[in-house]
Amino acid sequence: MGRLLIIGAGGVGSVVAQKCARAREVFSDIVLASRTREKCDRIAALCGSPVLTAQVDADDPAQVAALIREHESDLVVNVALPYQDLSIMDACLEAGAHYLDTANYEPRDEAKFCYKWQWDYQDRFARQGLMALLGCGFDPGATNLFFAHLRKHHFDRIDFVDIMDCNAGDHGLPFATNFNPEINIREVTAPGRYWEDGRWIETPPLSLHQPWDFPEVGEREMYLMYHEEMESLAINIPEVKRMRFWMTFSENYLTHLRVLENVGMTRIDPVHYNGIDIIPLQFLKALLPDPSSLADGYKGKTNIGCMIEGVKDGKPRKYYIYNVCDHAECFREVGAQAISYTTGVPAMIGALMMLTGEWRGKGVFNVEEFDPAPFMERLNRHGLPWTETFPE
Ligand code: NDP
């Protein structure tokens with residue numbers, strides 16, 4: 001049992017809060033705090049058991065630490081934005097709480113997608129006997145656990161890895177992003193990068209692509225991107241010869257993105273306009289739909305999984321593990337679309353692992369460092385069942 005503080009009241013925060021509120025045997029007290037308190041209140045009303053709400057600016061560690069102390073929180077689940085990761089980690093150290101997030105720290109002025117800043121907190125968390133669990137959404141998150149699982153049960157050696165993230169849903173709008181627009185567009189417009197023979201190979205953004213036939217979804221074109229889980233997996237699966245991450249995009253999405261890029265709307269440097277500095281991508285975010293607002297009427301499915309080639313008992317083996325999630329079913333269950341759902345459920349399970357002590361550690365961890373069994377079992381139980389196959 002433990003006391004939980006959730007920070008961030010967007011699409012993901014709503015799923016985390018609602019799912020935690022159904023597991024009161026673990027989460028004895030839940031506080032949901034965010035920049036805009038009304039959003040927390042709206043989510044709390046959906047939760048079905050008492051959830052307190054608060055206003056907080058998570059860029060200010062002192063405010064977060066005061067909230068942790070006021071509510072005697074044992075664990076902070078950070079589902080605000082990657083910009084807040086370090087300030088919330090600082091607050092956890094100051095007030096003595098464990099920490100969990102779903103996305104690595106990002107400085108506002110540079111799209112870096114790297115864990116270094118957070119891994120640098122290792123000694124400080126370890127010294128205080130606290131645990132920080134990084135990247136516990138779906139990808140990163142569940143995909144990393146897939147590796148811990150398949151390494152434990154199905155492979156002696158992993159040679160080739162393809163992580164494949166497909167959203168075949170249709171929200172009916174001309175252009176929208178499925179999670180925070182600023183973070184999503186920074187990620188998609190960054191150069192691609194994959195791991196081969198012990199080094200990173202960089203490719204121009206979205207320049208490599210190929211079709212893949214996704215179970216329950218059909219064939220979709222997927223594009224090579226850099227994605228943060230590869231950074232920790234390259235360390236934790238040292239023998240891997242090649243590791244790539246792919247995401248599907250529709251032609252429509254790519255055309256809009258290309259135009260926005262070409263006219264400068266995805267820039268993250270300030271532009272002086274009418275006497276003030278404007279960051280074009282932040283302004284674009286203000287124009288685009290709120291990701292959580294896409295949920296009503298969203299049709300279709302996501303399929304996120306990993307295709308692996310390697311060796312077991314001296315014989316070559318292929319293995320494919322994936323989850324399929326239906327947007328409309330997520331909406332019926334928690335009023336969310338599948339991207340928020342597939343991120344929020346693993347965050348809730350990670351929090352549960354920490355508060356029950358099934359995962360325990362002092363320092364900063366990525367999820368694949370823990371026993372995957374209880375997490376994989378909870379994915380099945382809490383709405384994200386997975387399928388494994390051995391293709392010829
Ligand atoms: P949203 O933009 O919908 O929600 C973010 C929330 O954080 C908003 O409620 C926002 O407040 C709040 N927030 C922003 N800045 C602050 C601040 N300084 N202080 C307090 N609260 C703040 O994003 P999503 O819910 O879609 O995504 C949440 C996180 O999940 C992101 O970090 C994203 O990168 C991550 N993610 C991870 C995935 C994974 O699989 N690992 C997949 C998808 C997302 P306000 O409402 O006032 O703007």
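In what order do the 7 strands of the open sheet come, and is their pairing parallel or antiparallel? Please keep in mind, while we work through that, that what you have in front of you is a predicted model. The order in this open sheet is E3-E2-E1-E4-E5-E6-E17, and the pairing is parallel. At the edges we find strand E3, residues 52–55, and strand E17, residues 363–366, each of which pairs on one side only. Going from one strand to the next, the twist averages 20°.

Let me take one pair from that sheet and look at it in detail. Strand E5, which covers residues 98–101, runs parallel to strand E6, residues 131–134, and 2 bridges join them. In this pair, Tyr99 stands opposite Ala132 in E6.

Now to the helices that lie against these strands. Helix H13, made of residues 338–356, packs on the sheet and touches E1, E2, E4, E5 and E6, and its direction makes about 160° with that of E5. Helix H1, residues 11–21, lies across strand E1 (2–7), strand E2 (27–34) and strand E4 (75–78), and with respect to E2 it runs at about 165°.

Two loops that follow the strands we have just discussed deserve a careful look at the backbone. In the loop between E5 and helix H5 (116–119) we find Phe113, and this residue has a positive phi of about 50° although it is not a glycine. In the loop between E6 and helix H7 (142–153) lies Pro140, where the peptide bond from Asp139 to Pro140 is cis, with omega near 10°.

Let us turn next to some strands with antiparallel pairing. Strand E8, residues 192–196, and strand E9, residues 199–203, run antiparallel and are joined by 5 bridges, with Arg193 standing opposite Glu202 in E9. The two strands form a hairpin with 2 residues between them, and in the turn Asp197 has a positive phi of about 50°. E8 also pairs with strand E12, residues 242–248, again in the antiparallel sense, over 2 bridges, and here Glu196 stands opposite Arg242 in E12.

That leaves the ligand, and I would like to ask which of the 28 residues around the ligand come nearest. They are Arg35, Thr36, Lys39, Ala58 and Asn180. For three of these residues I can describe a polar contact. An N or O atom in the side chain of Arg35 is 2.7 Å from an oxygen atom of the ligand, while a polar side-chain atom of Thr36 lies 2.5 Å from a ligand oxygen. In the case of Lys39, a polar side-chain atom lies 2.7 Å from an oxygen atom of the ligand. On its own the ligand has 940 Å² of accessible area, and the protein covers 94% of that area.

How do the residues of the shell around the ligand divide into nonpolar, polar and charged? There are 13 nonpolar residues, 10 polar ones and 5 charged ones in that shell.

How values were computed. Residues are numbered from 1 along each chain as its sequence is written. This is a predicted model: local features need pLDDT of at least 70, side-chain atom pairs count only at pLDDT 80 or more; totals for chains, interfaces and linings use all residues. Side-chain values use heavy atoms; hydrogens and water are left out. Two strands pair if DSSP finds at least two bridges between them. Helices (H or I, at least four residues) and strands (E, at least two) are DSSP runs, numbered from the N terminus. Axes are lines fitted to C-alpha atoms, for helices over the stretch in contact, and angles run from 0 to 180 degrees between N-to-C directions. Contact means heavy atoms within 4.5 Å. A residue is near a molecule or strand if one of its heavy atoms lies within 4 Å of it. A polar contact is a pair of N or O atoms within 3.5 Å; within protein, one must be able to donate a hydrogen and the other to accept it, and residues adjacent in sequence count only if both atoms are side-chain atoms. Accessible areas come from the Shrake-Rupley method with a 1.4 Å probe; for residues, only the protein chains shown count as cover. Ala, Val, Leu, Ile, Met, Phe, Trp, Tyr, Cys and Pro count as nonpolar, Asp, Glu, Lys and Arg as charged, and the others, Gly among them, as polar.
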